[in-house]
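Visitor: Could you take me through a close look at one part of this model, and then connect that part to the rest of the chain? I would like to follow the reasoning as you go.

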Amino acid sequence: MSHSTPPWVPSKLNMQDWWLTALFIAINVGLFLWQIFSGVNVSDPSLPDAIRWGADYAPLTFLEEPIRLFSSMFFHFGMVHLMLNMWALYIFGSVAEQLFGRLYFLMLYLAAGLMGSLFSGYLAIHDSVAMLNMQAIDPDLLPHVSAGASGAVMGLGGALTLLSLFPILPRQRFILDKKTLIMVMGVNLVIGLTISGINNAAHVGGMLMGAVLAGIWYLCQKWQKPSLSLILATIIAISSCWLLYQYCLQLLQLIQPLWAELLQAMRQHYHF
């Protein structure tokens, strides 16, 4: 990504131009340090610690604590996980915040993160339904504990990638490198598909939400209706997240006894 050169564009990225991105980074890092000082393992947090700090375990999230769809965006499984996500957040966020505007960036980031959590939950429910139909326990289809800002970060990446495919707007603040963005996003998706332990469903859900909201922003800018973009995108983001959540709850009725049993077994084993 590189700057375009109209006279109103600064020659370098100043932190005051992307302070919300910096704030999100500070919140994630601050929470991580708090966890470490409270005794959480710096490189490999235990599952009880992850649950205690807000990670997403689908049976617990959908049966009892839906707030974990949001809180899981701010917990990371160790220093490496945190550093990779915060580096990507800086790269994408420092550009997206200036390109979309602060309020739109905030809405996009949170909506993409929430959609990533919801899409991950949907896949967990789908896999459990499949396991129930097979009438056999398949460890690969059991729900896993997941967390991290990658759904929200992939949403920013998906948004910038989509914009890079469109003609540049007259007052667009950045020229986006299409080839680099497509390559980076593609590599991330391939890694998620080929390496175990990565929640690729959250990546895909966040990326799709980011792309949709970027498309809305672009069209409103092109139609010279910039004030409409935030209203329209917020309505679509809230509506789509709510509809997917309600759909997940409907599917959950098929497997609620199974998930209640899994949750009880998890509690007995890990004492949380």
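**A loop glutamine and its surroundings**

Guide: Happy to. Let us begin with glutamine 224, which has a relative accessibility of 68% and so counts as exposed, since that is over the 50% cut-off. Please keep in mind that this is a predicted model. Glutamine 224 sits in the loop that joins helix H9 (200-222) to helix H10 (226-270). Its backbone deserves your attention: phi is positive, about 60°, although the residue is not a glycine. Most residues other than glycine have a negative phi.

A second glutamine invites the same kind of look. Glutamine 135 follows helix H6, and its phi is positive too, near 60°. Helix H6 itself covers residues 102-134, and its 33 residues should span 48 Å at 1.5 Å a residue; the end C-alpha atoms are 48 Å apart, so the expected and modelled spans agree. You can repeat that check on helix H7 (residues 150-165): its 16 residues should span 22 Å, and because its end C-alpha atoms are 22 Å apart, this helix agrees as well. As for its surroundings, H7 is mostly covered, with 14 of its 16 residues buried.

Back beside our loop, helix H9 (200-222) leads us to the cysteines. Cysteine 220 is buried, because its relative accessibility of 1% is under the 20% cut-off. Its sulfur is 18 Å from the closest cysteine sulfur, in cysteine 241, so the two are too far apart for a bond; a disulfide would need the sulfur atoms within 2.5 Å. Cysteine 241 is in no disulfide either, as the nearest cysteine sulfur, that of cysteine 248, is 11 Å away. Cysteine 241 is also buried, at a relative accessible area of 7%. Across the structure, the number of disulfides is 0.

Aromatic rings offer another kind of link. With ring centres within 6.5 Å taken as a pair, the count comes to 15 aromatic pairs. Among the residues involved, Trp18, Trp87 and Tyr90 are joined by ring pairs into a cluster.

Finally, a word on confidence. The chain has an average pLDDT of 91, and 95% of the residues score at least 70. Among the elements of the chain, helix H4 (residues 68-71) has the highest mean pLDDT, 98, while strand S1 (residues 2-3) has the lowest, 41. Over residues 1-12 pLDDT stays under 50, and the model gives this stretch 27 contacts beyond four places in sequence. Where pLDDT is low, the predicted coordinates should not be read in detail.

Technical notes. Residues are numbered from 1 along each chain as its sequence is written. This is a predicted model: local features need pLDDT of at least 70, side-chain atom pairs count only at pLDDT 80 or more; totals for chains, interfaces and linings use all residues. Side-chain values use heavy atoms; hydrogens and water are left out. Helices (H or I, at least four residues) and strands (E, at least two) are DSSP runs, numbered from the N terminus. Buried means under 20% relative accessible area, exposed over 50%, partly exposed in between (1.4 Å probe, protein chains only). The expected span of a helix is 1.5 Å times one less than its number of residues. Rings of Phe, Tyr and Trp (its six-membered ring) pair if their centres lie within 6.5 Å; planes under 30 degrees apart count as stacked, over 60 as edge-to-face and the rest as tilted. pLDDT is the predictor's confidence in each residue, from 0 to 100. Contact means heavy atoms within 4.5 Å.
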